[in-house]
Amino acid sequence: MEALGRHIIVEFYECDSEILNDPNYVEAQMVKAAETAGATVINSTFHHFSPYGVSGVVVIEESHLAIHTWPEYGFAAVDLFTCGEAVNPWVSNEYLQKAFKSVHRSAVEMRRGQLSVLEKRDFDLGTLRDEANQQLTSHNVKYTRDLWFTERDDKIALSLKHNGRLFSKQSDFQKVEIFDTLAYGKMLTLDGMVMTTEVDEYVYHEMISHVPVLTHPNPERVLVIGAGDGGTVRELLKHKNLKEVVMVEIDGVVIEACKEHLPSISKALDDTRLNLLVEDGIKYVKECADNAFDIVLVDSTDPVGPGEGLFTAEFYQHVHRVLKQDGIMVTQSESPRFNQKVFKEIYECYRGIFGEDRVDCYLVAIPTYPTGNWSFSISRKGGVGPLEISKEKIEQFCSTQELNYYNEDIHYAAFALPNYVKRMLQ
Ligand code: SPD
């Protein structure tokens, strides 16, 4: 033996991009590559970057295997580092080329820790090894996984640890994914952005629905744009006075994924009082007759991708037109902390269409959205504002339901705005 370790640095070119963007698969293959070479796996930690890229390390008793992938270039950079004679890192190299469907690769081997330049110190190695082993056993160390989903922009990131991805499909509009997170249950993401999670979804869905339905004097027909996970219509249908709820979701894949993996959120999508249309909500509103709905809810994604057209003045002018005399529009209006520019523009736009004093903002805490500080807007064509309705009316409805967030106190309190938000809205 001339050196302590063998380090192979490998460049895998022209790999399958889908494979390189799948943290579960990459992790499984890296672990397999180690085992195939005869190594003993201790631990692995893998991270998925949003929108693409995977980084990870597999710690083996004989050192480690590491990877970073660039799916957009079909490229993976891999380090295979092993110590001792029993493990041959070239075996892992062969294995991974097939696993990543790499068309060609280049590899260079370095001998690490050249024995000719090292001097062995006079330690009692036997004792050191026993002590280290004891520490590991007392912490109950065993093979573990460390897999994270991250939503990030250039300044902020939110990471959630998960057990794996349950659903992944590129639809005609966006990448639809469902992760099994440890802290928030199953989670729907679109193009790498968190839309809803089993654990905190009720905040969003109760607040987008009950505030307008209870504010409107006599709501009968409601139009919902977006909302493919079904949470908003689940809440709406708790109001027995509604005669019809029309929901227009552009992406059938979102509905399919949520029906399969998020039944507690999507359960109302099969309700007979729901008229569910899988088509373009912008087109639907444009072609809709005047004075057709009492309430329009815009349960959109963020203003990127298919949701972008839901953030234009033209769209809101049509919403205003299709609302009846006392009609109300509620939209998710982004975060006053995270998306300040969009937030301000949204409110300027609504006030231009509905009137200066007919648009209100209310706030909610949604821990899985960027900054956790989120907002809804409520705009009315006529009628009364959300703070003018009686407490008794809200209490009456809430007493018949088992809601998790909304109640008569929250209804009014949500409209209390911090000064920095008030200033943005002036
Ligand atoms: N940044 C997240 C904004 C998500 C808004 N829509 C969520 C859909 C829940 N039904």
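This section describes the overall architecture of a predicted model, followed by its ligand site, one helix and one strand residue.

The protein chain contains 426 residues, of which 50% are buried. Its secondary structure comprises 14 helices and 18 strands. Along the principal axes, the C-alpha atoms occupy a box of roughly 90 × 45 × 40 Å. The accessible surface amounts to about 19,800 Å², and carbon and sulfur atoms contribute 50% of this area. Among contacts with a separation of 6 or more, 66% join residues that are 24 or more positions apart in the chain.

The chain is divided into two domains: domain 1 covers residues 3-135 + 143-147, and domain 2 covers residues 201-425. The centres of domain 1 and domain 2, calculated over C-alpha atoms, are separated by 49 Å.

The ligand is surrounded by V194, M195, Y204, H205, D229, D299, S300, D302, Q332, Y369 and W374. Several of these residues place polar side-chain atoms at short listed distances from ligand nitrogen. For H205, an N or O atom of the side chain is 2.7 Å from a nitrogen atom of the ligand. In the case of Y204, the corresponding distance from a side-chain N or O atom to a ligand nitrogen atom is 3.2 Å. A polar atom in the side chain of D302 is found 2.9 Å from a nitrogen atom of the ligand. Taken alone, the ligand exposes 340 Å², and 98% of that area is buried by the protein. Two or more residues of the surrounding shell are supplied by each of the elements β11 (193-197) and α5 (201-215).

Helix α11 spans residues 340-354 and consists of 15 residues. From the first C-alpha to the last, α11 reaches 21 Å, close to the 21 Å expected at 1.5 Å a residue. The buried residues of this helix are F343, I346, Y347, C349, Y350, R351, I353 and F354. These buried residues pack against two helices, α10 (313-322) and α14 (419-425), and against the strands β16 (323-332), β17 (359-365) and β18 (373-380). Just after α11, G355 adopts a positive phi of about 115°.

A further set of contacts involves H47, which is located in strand β2 (residues 41-48). The side chain of H47 forms a polar contact of 2.9 Å with the side chain of T150. When neighbours within four places in sequence are set aside, the contacts of H47 are with G53, V54, S55, W148, T150 and S159.

Methods: Residues are numbered from 1 along each chain as its sequence is written. This is a predicted model: local features need pLDDT of at least 70, side-chain atom pairs count only at pLDDT 80 or more; totals for chains, interfaces and linings use all residues. Side-chain values use heavy atoms; hydrogens and water are left out. Domain bounds come from an automatic or database domain assignment. Helices (H or I, at least four residues) and strands (E, at least two) are DSSP runs, numbered from the N terminus. The expected span of a helix is 1.5 Å times one less than its number of residues. Buried means under 20% relative accessible area, exposed over 50%, partly exposed in between (1.4 Å probe, protein chains only). Contact means heavy atoms within 4.5 Å. A polar contact is a pair of N or O atoms within 3.5 Å; within protein, one must be able to donate a hydrogen and the other to accept it, and residues adjacent in sequence count only if both atoms are side-chain atoms. A residue is near a molecule or strand if one of its heavy atoms lies within 4 Å of it. Accessible areas come from the Shrake-Rupley method with a 1.4 Å probe; for residues, only the protein chains shown count as cover.
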